[in-house]
Amino acid sequence: MDKKLIVAVLAATVVIMAGGVLVLNSSSSPQITASQNAKAYVSDPTSHDWGNVDYGGGVVKKSFTIRNSGTDALRLYNIRTSCHCTRAYVTIGGRDSPNFGMDSVSSWTGEVASGKEAKITAVYDPAFHGPSGIGPFTRFVSVETNDKANPKLTFTLTGIVIK
């Protein structure tokens, strides 16, 4: 009887672990092949300083433009932020992606045709950290691309939260 119980517990453990591995693999980021002919071009600065941001003033936003100056489709994926107080989304052809944050791993991939643009919008909530969040801040938004020369774009956002 004890041997059967031990075998059953071991079998259940193996099944649970295998299921966990399957779940983790299914939510992983997409596998994108790098391209010599997809070119992520950012004409604007990749940083923005909001200056003073009012703690009670609601969220602030900044959009950055990414242009595909290559001949292949530019793929944007693995969009992440550096803090829960910041989220980001991508707009391509007038359509918005889901919101991305610090913890999100998504299978979402955006495709920018040759000569077209995408906008990545960062949204910062100055009240997210409560009163202890008063003062200077620096946050980042990163975007991975299939551009062999620019596999990761990073946008920097700074400011000072004031009461």
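The paragraphs below go through this structure from its overall make-up to a few single residues. The model is a predicted one.

The protein has one helix and 10 strands. Along the sequence the helix comes before the strands, in the pattern α-β-β-β-β-β-β-β-β-β-β. The protein has 163 residues, and 33% of them count as buried. Its accessible surface is about 9500 Å², with 57% of that area belonging to carbon and sulfur atoms. Among the contacts in the protein with a separation of 6 or more, 71% are between residues 24 or more positions apart.

The strands can be taken next. Five of them make an open sheet in the order S1-S3-S8-S5-S6, and the pairing is antiparallel. The edges of this sheet are strand S1 (40-41) and strand S6 (95-96); each has a single partner strand, so one side of each has no neighbour in the sheet. Inside the order, S3 and S8 are joined by eight bridges in the antiparallel sense. One position to look at in this pair is Arg67, whose bridge partner in S8 is Glu117.

Strand S9 takes part in two further pairings. With S4, the pairing is antiparallel and has four bridges; here Tyr77 is opposite Glu144 of S9. With S10, the pairing is again antiparallel and has 10 bridges, and Thr138 is opposite Thr158 of S10. S9 and S10 also form a hairpin, with six residues between the two strands.

The largest nonpolar core draws on several of these strands. This core has 29 residues, and those with the most contacts inside it are Ile66, Leu76, Ile79, Ile120, Val141 and Phe155. Two or more of the core residues come from each of strand S2 (47-54), strand S3 (60-68), strand S4 (74-81), strand S5 (86-92), strand S8 (117-124), strand S9 (135-145) and strand S10 (152-162). Leu76 shows what such a position looks like in detail. Leaving out residues up to four places away in sequence, Leu76 touches Ile66, Val90, Trp108, Thr109, Gly110, Val112, Ala118, Val143, Glu144 and Thr145.

Strand S4 also holds Asn78. Asn78 has a phi near 50 degrees, which is a positive value in a residue other than glycine. At 16% relative accessibility, Asn78 counts as buried.

Further along, Thr81 lies in strand S4 and is buried, at 6% relative accessibility. Its C-alpha is 4.4 Å from that of Val141, although the two residues are 60 apart in sequence. Apart from residues up to four places away in sequence, the contacts of Thr81 are Thr86, Arg87, Ala88, Phe100, Gly101, Met102, Phe140 and Val141. The Thr81 side chain also reaches two backbone oxygens: that of Cys83 at 3.1 Å and that of Thr86 at 2.9 Å.

Thr86 itself is in strand S5 and is buried, with a relative accessible area of 1%. Besides Thr81, the residues that Thr86 touches include Phe100, Gly101, Val123, Tyr124, Arg139, Val141 and Leu157, with residues up to four places away in sequence not counted. Phe100, Gly101 and Val141 are thus in the contact lists of both Thr81 and Thr86.

The last point concerns two cysteines in this part of the chain. A disulfide is a covalent bond between the sulfur atoms of two cysteines. Why does Cys83 not form such a bond with Cys85? The closest cysteine sulfur to that of Cys83 is the one in Cys85, at 3.2 Å, which is too far for a bond; the cut-off applied is 2.5 Å. Cys85 is likewise in no disulfide, its nearest cysteine sulfur being that of Cys83. The count of disulfides by this rule is zero. Both cysteines are buried: Cys83 has a relative accessibility of 12%, and Cys85 has a relative accessible area of 3%.

Technical notes:
Residues are numbered from 1 along each chain as its sequence is written. This is a predicted model: local features need pLDDT of at least 70, side-chain atom pairs count only at pLDDT 80 or more; totals for chains, interfaces and linings use all residues. Side-chain values use heavy atoms; hydrogens and water are left out. A nonpolar core is a set of buried Ala, Val, Leu, Ile, Met, Phe, Trp, Tyr and Cys residues joined through side-chain atoms within 4.5 Å. Buried means under 20% relative accessible area, exposed over 50%, partly exposed in between (1.4 Å probe, protein chains only). Contact means heavy atoms within 4.5 Å. Two strands pair if DSSP finds at least two bridges between them. Accessible areas come from the Shrake-Rupley method with a 1.4 Å probe; for residues, only the protein chains shown count as cover. A polar contact is a pair of N or O atoms within 3.5 Å; within protein, one must be able to donate a hydrogen and the other to accept it, and residues adjacent in sequence count only if both atoms are side-chain atoms.
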